[in-house]
Amino acid sequence: MHEILLNVESKETRYAYLKHGGLHDLIFDRKKTRQITGNIYRGRVTNILHNIQSAFIDIHEGENGFIHISDILENTKKFEEMFDMDFDLDYDITKMESTPKAKDISQLLKIDQPVLVQVVKEAIGTKGARLTSNISIAGRYLVMLPNNPHRGVSRKIEDKGMRDRLKKIIRSFEMPQDMGLICRTASGTATTEQLIDEAHELLNTWQMIVEKFHKASRPTLLFEESDLIKRVVTLCVDKKIDRLLIDDHATYLRCKHLYQKYMSEHPLKIEFYRDKVPMFERFNVEREIDRAVKRKIWLGSGGYLFFDRTEAMHTIDVNSGRSSVNATGSDVEETLVRINLEAAEEIARQLRIRNIGGLIICDFIDMRSRKNQRRVLERLKECMKEDSAKCTILGMSEFGLVEMTRQRSRESLSQTIYTGCPYCSASGLVKTHESVAVEIERSLKKLILCHNQFALKLIVHPELNKFLDQSDKDFYTKFAAKSNAHLEFAVNDNLHLNEFLFYSTTNGQKIET
């Protein structure tokens, strides 16, 4: 049974996709940091970076957006990446793209110039949203390309008869020559009337956007992509989900209303959750969320995974852990293969739930047989096919390493839930008391011998003070006395555990070390 749970709170909506009772995918949508991918804006060029052929554009969404020259010039490949599919076009693109193109961004953009742009990638951390001027307006069946004449059908539609039918329909549409249309995967089951109606809706939407652009005089939002609730209802119909369960009555009524348009396509059960036990607890989703933010994940076989993040990449380490390994060589190899196969499935699931993007390195347990390495790699690729994010997986190295990339569309689960620890500067580490004691010794010697400070007070955190009581205070006091100096001790629980301060007892001023 496939079902989707919608948990609605005042500040957040959470989406959980369950397959046979297990969490398959997860999305957090917070009102304060709403998703803006797909939104179209009237922007203003604020800065041009000639060295990297890019510009910053104010779209009135906090951080300025970023656009590269490749996102200004028409580029078919960009559309393929944006919609996570390949397009089979019915003409030679190379002929259409042979027109001369600007080589410098200053030929295309000027400071304070108003521009029509669309967000293709969410702002993450301190990085602004990624923008494009290659506008696309996506419906359920069709994608309209207002500035691009391409017309084609998604390669995911494999039936030749269906493909020919769709090509014939979109060629017959009476639309401006410079506008393009692409049939999405869902269009395979759509009627001609449904396609015509949606094409008219998309054309009207584009005309409304153009009118708003000309009327506006400052950066503003012109078109907002469908919100999570609307996307969930269409997803339920497209993916043939069995049940949609919602714990908020107003959202439940809205989903019922949205579903009326698709009732004839798929019998979806939309239910209001009435139990007093929180819905995500009832279906063990909260437990899976807690598990998904931990570094260590246990596998059913007794092995485990370690998830780590660096500035450049995410790494996943597969370990045998508590799994039982028999003595004979062939049995050992097969046991390790079983752990790696299970790890491949769990890695694919955790990447979706954690929403990890960018470069990812998976370190599987070493296997001698190339055949077994291929088995594990194929299992990983098969499991990653269920991911809505675009993924690229390279082969497995002799050391059992698999390099892969996953499209980063929004913040990861940990970035959404957590913020960097101010105490350890997000490093997860603080210095040992012994290390700080050594630093105090160096500072004390410097103040007395170099700066001639002979009346000192040392202030530390109470926990560090307990450690210094063991032997360090005696050493500090004896050193000070030997140098004809006087040293006092005090505590302050407002200090950082690794922080210490020196004050002059003569004038009460803080002394910089």
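## Helices α5 and α6

In this predicted model, helix α5 (residues 228-238) packs against helix α6 (residues 249-259) at an angle of about 50°, and their axes are 10 Å apart. An angle of about 50° falls outside the ranges that count as roughly parallel, roughly antiparallel or roughly perpendicular, so α5 and α6 are oblique to each other. The crossing of α5 past α6 is right-handed.

On the α5 side, the residues in the contact are I229, K230, V233 and V237; on the α6 side they are T251, R254, C255, L258 and Y259. Sorted by class, this contact of α5 with α6 holds six nonpolar residues, one polar residue and two charged residues.

## The five-stranded sheet beside α6

Helix α6 also lies across three strands, β1, β15 and β16, and runs at about 165° to β16. These strands belong to an open sheet of five, ordered β3-β2-β1-β15-β16, with mixed pairing. The edges are held by β3 (22-30) and β16 (269-272); each has a single partner strand, so one side of each has no neighbour in the sheet. From one strand to the next, the twist averages 15°.

Within this sheet, strand β1 (residues 2-8) and strand β15 (residues 243-246) run parallel and are joined by four bridges. In this pair, I4 is opposite L244 of β15.

## Strand β11 and its partners

Strand β11 (residues 142-145) is covered on both faces. L142 and M144 are buried on one side, and V143 and L145 are buried on the other.

β11 pairs with strand β10 (residues 137-138) through two bridges, and the two run antiparallel. A hairpin of three residues connects β10 to β11. The bridge partner of A138 is V143 in β11. β11 is also joined to strand β13 (residues 180-183), by four bridges and again in an antiparallel arrangement. Here M144 faces L181, its opposite residue in β13. V143 and M144, which pair with A138 and L181, are thus also buried residues on opposite sides of β11.

## Strand β23 between β24 and β25

Strand β23 (residues 455-460) is mostly covered, with five of its six residues buried. Six bridges link β23 to strand β24 (residues 486-491), and these two run parallel. Five bridges link β23 to strand β25 (residues 500-504), and here the direction is antiparallel.

Which residues pair with I459 in β24 and β25? In β24 the bridge partner is A490, and in β25 the residue opposite I459 is L501.

## Helices α12, α13 and α14

Helix α13 (residues 462-469) packs on helix α14 (residues 472-482) at an angle of about 75°, with axes 5 Å apart. This makes α13 roughly perpendicular to α14. The contact involves N465, F467, L468 and D469 from α13, and D472, K473 and Y476 from α14. By class it has three nonpolar residues, one polar residue and three charged residues.

Helix α14 also packs against α12, at an angle of about 10° and with axes 11 Å apart. α12 and α14 are therefore roughly parallel to each other. From α12, the residues in this contact are A437, I440, E441, L444, K445, I448 and L449; from α14 they are D472, F475, Y476, F479 and A480. The class count is nine nonpolar, no polar and three charged residues. D472 and Y476 of α14 appear in the contact with α13 and also in the contact with α12.

## E439 in α12

E439 lies in helix α12 (residues 433-449). Is E439 buried, partly exposed or exposed? Its relative accessibility is 24%, so E439 counts as partly exposed; the cut-off for buried is under 20% and for exposed over 50%.

Apart from its neighbours within four places in sequence, E439 is in contact with K431 and F500. F500 falls in the residue range of β25 (residues 500-504). E439 and N498 are separated by 59 residues in sequence, while their C-alpha atoms are 9.9 Å apart in space.

Notes: Residues numbered from 1 in each chain as written. Predicted model: local features only at pLDDT ≥ 70, side-chain atom pairs only at ≥ 80, totals over all residues. Heavy atoms only, no water. Axes fitted to C-alpha atoms, helices over the stretch in contact; angles between N-to-C directions. Parallel < 35°, antiparallel > 145°, perpendicular 65-115°, else oblique. Left-handed = near helix turned anticlockwise from the far one by under 90°. Contact = heavy atoms within 4.5 Å. Nonpolar A, V, L, I, M, F, W, Y, C, P; charged D, E, K, R; others polar. Buried < 20%, exposed > 50% of the residue type's maximum accessible area, 1.4 Å probe, protein only. Pairing = 2+ DSSP bridges.
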